[in-house]
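Biologist: I am new to this structure and would like a close look at a single part of it, with the terms explained as they come up.

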Amino acid sequence: MPNTAKNTTKRKSSGRKKSGLKLTWPEVLASAIVLLSLGFLLGRFTGNSDSYSGLSQEQDLRYNDYDTSCYYYDDRGRLHYEDENYRSVTVMDVSYVQKDIDWDQIRDQDIDMVMIRLGFRGYNSGINTLDEFYERNVEGARKAGIKIGVYFFSQAISPEEAIEEADFVLKHIKGKHIDGPIAFDMEPLENANRITHLTSEEKTMIADAFLQRIEKKGYEALLYGNPTWLGSSLWMTRLTRYDVWLAHYTDYTQWPYEYVMWQYTSTASVPGITGNVDLSVRLIRK
């Protein structure tokens, strides 16, 4: 008994010596700030944070290296590109406007990919809404064996709303086997004023917040716009990390900067679709 008591006392004494380090309140506060800062940085750089982390540093815009003389039209009026570095494929984009599509006919039209409108935010209501033909278009394109991407028409007025839109998209592509890019489309509408008061900086942050969210989830993020929108409404030098889907209805675009896809017409005729449809040429490095 006496020996056991002595041994116990020694162990307790030894324990007190090991834990004898004391921190003052200023030291505790400083340590907490360091830990919180590390947690923020870890979330920002590993993509674990759901909040918007802000615009990246300004970068010079890169010029494209396409040779405009290498664009050509086939006998169906479709645009193609071929040089020693790039080849092209045809991309179609559809929405409720095209109504019911005969996807069996589309299968035989050499359409490599279809960009399907997933939905939009109401320019008056501000409510995120699914395109009424989205589900059937995804099902039809998948059965036809065509690669599928989607786009969302944004009317967000803050980065927080842009993240809501991105999450709306992510929710509705779940289980759909989407294997193409996800595009952000913001543009002015006649008689609609939800976004008209936004500054270029605000529009840039909104686009960045949406695309950043999509990119963090492992999808290819595309920024859609015409030369006027891209050149005047956005700070493109802050969005250089994202690929561009250029909308320019002309035979030869003069947009000098990098783009991976060019929507060159809104009046194409494609068997299987009643009325006009948009077509794009997608440039692929060999």
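Biologist: What covers the buried residues of α6?

Modeller: Before turning to the helix, note that this is a predicted model, in which local features need pLDDT of at least 70 and side-chain atom pairs count only at pLDDT 80 or more, while totals for chains, interfaces and linings use all residues. Residues are numbered from 1 along each chain as its sequence is written, and side-chain values use heavy atoms, with hydrogens and water left out.

The cover over the buried residues of α6 includes β6 (147-153), α5 (159-173), β7 (182-185), β8 (221-225) and α7 (227-233), where contact means heavy atoms within 4.5 Å. These labels follow DSSP runs numbered from the N terminus, a helix being a run of H or I with at least four residues and a strand a run of E with at least two. Helix α6 itself takes in residues 200-216, which makes 17 residues, and reaches 24 Å from its first C-alpha to its last, close to the 24 Å expected at 1.5 Å a residue; the expected span is 1.5 Å times one less than the number of residues.

Buried means under 20% relative accessible area, exposed over 50%, and partly exposed in between, with a 1.4 Å probe and protein chains only. By that rule the buried residues of α6 include Ile206, Ala207, Phe210, Leu211 and Ile214, together with Lys203, Asp208 and Arg213. Just after the helix, glycine 218 takes a positive phi of about 90°. On the stretch that leads from β7 to α6, asparagine 191 sits in the loop between the two, and its phi, near 65°, is a positive value in a residue other than glycine. Asparagine 191 counts as exposed, at 72% relative accessibility.

Phe210 also leads from the helix into the interior. A nonpolar core is a set of buried Ala, Val, Leu, Ile, Met, Phe, Trp, Tyr and Cys residues joined through side-chain atoms within 4.5 Å, and of the 66 residues in the largest such core, Met92 and Phe210 touch the most other members. The largest share of this core, seven residues, comes from α5, and α5 is also among the elements that cover the buried residues of α6. In soluble globular proteins, nonpolar side chains tend to be buried together.

The other residue named with Phe210, methionine 92, touches Trp103, Ile106, Ile111, Met113 and Val114, among others, when residues up to four places away in sequence are not counted. Apart from the largest core lies another, of eleven residues, among them Met115, Tyr224, Trp245 and Met261.

One more residue can be placed beside this picture, namely isoleucine 146, which is found in the loop between α4 (134-143) and β6. Isoleucine 146 is buried, with a relative accessible area of 8%, and, leaving aside its neighbours within four places in sequence, it is in contact with Trp103, Ile106, Ile111, Asp112, Met113, Val114 and Ala141. Isoleucine 146 and aspartate 179 are 33 residues apart in sequence and 9.7 Å apart in space, C-alpha to C-alpha.
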